[in-house]
Amino acid sequence: MVLNKDTAKKTAELLLQINAIKLEPENPFTWASGWKSPIYCDNRVMLSYPEIRNFVREEMAKQVETLYGKPDVIAGVATGAIGIGILVAEALGLPFIYVRPEPKSHGRQNQIEGYLESGQNVVVIEDLISTGKSSLNAVKALKAQQANVKGMIAIFTYGFSVASDNFTKENIELHTLSDYDHLIEQASETNYIKESHLQTLLQWKSNPKQWK
């Protein structure tokens, strides 16, 4: 769920500006899942642009406080959200931890890196939501350590129904700075995309698995 339309469009504008999000309907990308896609998103690019990362940091920190007050800990999902998670934790003056996709195979075999006490309130920071599977895997790891996961805030979501279903099933609240609908609206208004490509981009979201 997007809290603020202006923030959503501004976030989309900035991510398009630095090519963190690319829209190429005529030359689709192939995701690791094998899906063909007219969009590719790598929000980590944003970390290389101080003004933009500061905007994202401040907006995410503001949403954490608006939605949840001050949690005890900010958790980033490895690896994409470690950088922005640290920035949000710093902005709020809070401890930071991050969650690996799976426990390490050596040493202490940690999946959660950093100090976490049982019962602490945690807000999870993520960079991108597709199906939500990897994001919710991090939530499960935190809950296994008796953390109280208040919710998750991400930079961007494709808005797939499968993701919404997955978050609902796990009873986890998800908010994002921007999403696919606001991205396409912004790209259309600023002539970033051709009018002839608009329908293609809308069709992809309705059935991404079978597209192309």
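**Loops, a buried glutamine and a helix pair**

User: Between which two elements does the loop holding Thr-131 run?

Analyst: Thr-131 is found in a loop of this predicted model, in which local features need pLDDT of at least 70, side-chain atom pairs count only at pLDDT 80 or more, and totals for chains, interfaces and linings use all residues. Residues are numbered from 1 along each chain as its sequence is written, and side-chain values use heavy atoms, leaving out hydrogens and water. With helices (H or I, at least four residues) and strands (E, at least two) taken as DSSP runs numbered from the N terminus, the loop of Thr-131 runs between β8 (121-129) and α4 (133-144).

User: Which residues distant in sequence does Thr-131 contact?

Analyst: Thr-131 has a relative accessible area of 26% and is therefore partly exposed (buried is under 20%, exposed over 50%, partly exposed in between; 1.4 Å probe, protein chains only). A contact requires heavy atoms within 4.5 Å. Setting aside neighbours within four places in sequence, the partners of Thr-131 are Val-162, Ala-163 and Asn-166.

User: What is the relative accessibility of Arg-100?

Analyst: Arg-100 sits in the loop between β6 (96-99) and β7 (112-113). Beyond its neighbours within four places in sequence, Arg-100 touches Ala-78, Asn-110, Gln-111 and Glu-113. Arg-100 counts as partly exposed because its relative accessibility is 25%.

User: Is Gln-63 buried or exposed?

Analyst: Gln-63 belongs to helix α2 (residues 50-68). Apart from neighbours within four places in sequence, Gln-63 is in contact with Leu-3, Tyr-68, Ile-153, His-175, Thr-176 and Leu-177. The relative accessible area of Gln-63 is 6%, so Gln-63 is buried.

User: How is helix α6 oriented relative to helix α7?

Analyst: The axes of α6 (residues 180-189) and α7 (residues 195-206) come within 11 Å and cross at roughly 175°. An angle over 145 degrees counts as roughly antiparallel. Therefore α6 and α7 are roughly antiparallel.

User: Which α7 residues make the contact with α6?

Analyst: Both helices supply side partners to this contact. From α6 come Tyr-180, Asp-181, Ile-184 and Ser-188. From α7 come Glu-195, Leu-198, Leu-201, Leu-202, Trp-204 and Lys-205.

User: How far apart are the end C-alpha atoms of residues 73-99?

Analyst: Over residues 73-99, helix accounts for 41% of the chain and strand for 33%. The end C-alpha atoms of residues 73-99 are separated by 12 Å.

Notes:
Axes are lines fitted to C-alpha atoms, for helices over the stretch in contact, and angles run from 0 to 180 degrees between N-to-C directions. Angles under 35 degrees count as roughly parallel, over 145 as roughly antiparallel, 65 to 115 as roughly perpendicular and the rest as oblique.
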